[in-house]
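Subject: Structure for your files, with notes

Hello,

Here is the structure I said I would pass on. Please look it over before reading the notes underneath.

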Amino acid sequence: MTGYSPAAAPSAADSGLIVPPGEGRTLRAAAQHVTFKVTGAQSRLASSFEVLVPPGFDVGAHVHARSEELFYVLEGELDVLAFEPRVRTPDGWRGWQSPKGERVVRATPGTVILVPPGCPHAFANPTGVPARMFFQSSPPPDHERYFEELLEILSADGPVDHSAIAALRCRYDIEQLTPLRHDQPARSQ
């Protein structure tokens, strides 16, 4: 049995990787918490993450030319999109509809979303409680680097630097179709 080591890749074909609950390198910002579970150092096929999505977070609709992604909702609820709409409206994706009649879905625990390259997709947490999901991106390590740089931008003091996020997305195969938003819930007095 191989334990978790963030920098170590399995050294032999008969050695795997076991990442216990709560383990992995976690990046935190007000808008997201991302725990790296399997990286490009351990897998040539996909990077795997556990993502905590806070209330009010909307990743915005986007599309990847090369990447394939898989999402599995573990806890909470997320509004999700995974289709090409009739019309891509730049202000929001929640009212989008596909030519076949597909609409945004409320994903609950156990829901799987598979997103092939070229498919617009989005998720948002419209509830008052955090949601948690397993997320896998192929090929590695682009999404690892993207998360590191995005969370650095989102953690900076002051307003979000949207031009820095736009440049980041261009580097990592992300065409943003609608804005990323994080409307934090009002705090009780």
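The notes below go from the overall make-up to the aromatic residues, the core, and then some strands, a helix and a loop.

Overall

Please keep in mind that this is a predicted model. The protein chain contains two helices and 13 strands. Of its 189 residues, 39% are buried. If one takes the contacts between residues at least 6 apart in sequence, 72% of them join residues at least 24 apart.

Aromatic residues

Searching the whole structure gives nine aromatic pairs. One of them is F135 with F147, an edge-to-face pair with 5.9 Å from centre to centre and 75 degrees between the planes. This pair links distant parts of the chain: F135 belongs to strand β11 (residues 131-138) and F147 to helix α1 (residues 142-155), with the two residues twelve apart. F135 is buried, at a relative accessible area of 2%, and F147 is buried too, at 6% relative accessibility.

F147 also pairs with Y146, and here the geometry is tilted, with 6.1 Å between centres and 45 degrees between planes. Why does Y146 count as buried? Its relative accessibility is 6%, and the cut-off for buried is under 20%.

F135, Y146 and F147 belong to one aromatic cluster, which also takes in F36, F49, F57, F71, F123 and Y172. At F36 there is a charged neighbour to note: R25 lies over the face of the ring, 4.5 Å from its centre.

Core

Which residues have the most contacts inside the largest nonpolar core? They are V53, F123 and F147, in a core of 41 residues. Helix α1 supplies the largest share of this core, with six residues.

F123 deserves a separate entry. Apart from neighbours within four places in sequence, F123 is in contact with Q32, V53, F57, D58, V59, G60, F71, D79, V80, W93 and M133. Among these, F57 and F71 are also members of the aromatic cluster.

Strands

Strand β1 (residues 25-28) and strand β2 (residues 33-38) are paired in the antiparallel sense by four bridges. Together β1 and β2 make a hairpin, with four residues between them. R28 is found opposite H33 of β2.

Strand β6 (residues 68-75) runs antiparallel to β9, and four bridges join the two. F71 has I113 in β9 as its bridge partner. In a regular strand, side chains alternate between the two faces of the sheet. Strand β9 (residues 112-115) has I113 and V115 on a covered face, while V112 and L114 are on an uncovered one.

Helix α2

Helix α2 (residues 162-171) has I165, L168 and R169 as its buried residues. These residues lie on the same side of α2, because they cover an arc of only 100 degrees around the axis. Which elements help to cover them? The cover includes α1 and β12 (175-176). S163 and C170 are exposed, on the face of α2 turned away from the buried side. Just after α2, D173 has a positive phi of about 60 degrees.

A131 and N125

A131 is in strand β11 and is buried, with a relative accessible area of 0%. A131 and L78 are 53 residues apart in sequence, yet their C-alpha atoms are 7.0 Å apart in space. With neighbours within four places in sequence set aside, the contacts of A131 are V51, L52, V53, E75, G76, E77, L78 and N125.

N125, which appears in that list, sits in the loop between β10 (121-124) and β11. N125 counts as buried, at 2% relative accessibility. With neighbours within four places in sequence left out, N125 is in contact with V53, P54, P55, G56, F57, E77, L78, P130 and A131. V53, E77 and L78 appear among the contacts of A131 and also among those of N125.

Those are the notes I have.

Regards

Technical notes
Residues are numbered from 1 along each chain as its sequence is written. This is a predicted model: local features need pLDDT of at least 70, side-chain atom pairs count only at pLDDT 80 or more; totals for chains, interfaces and linings use all residues. Side-chain values use heavy atoms; hydrogens and water are left out. Rings of Phe, Tyr and Trp (its six-membered ring) pair if their centres lie within 6.5 Å; planes under 30 degrees apart count as stacked, over 60 as edge-to-face and the rest as tilted. Buried means under 20% relative accessible area, exposed over 50%, partly exposed in between (1.4 Å probe, protein chains only). A charge sits over a ring if NZ of Lys or CZ of Arg is within 6 Å of the ring centre and within 35 degrees of the ring normal. A nonpolar core is a set of buried Ala, Val, Leu, Ile, Met, Phe, Trp, Tyr and Cys residues joined through side-chain atoms within 4.5 Å. Contact means heavy atoms within 4.5 Å. Two strands pair if DSSP finds at least two bridges between them. The arc is that of the directions from the helix axis to the C-beta atoms.
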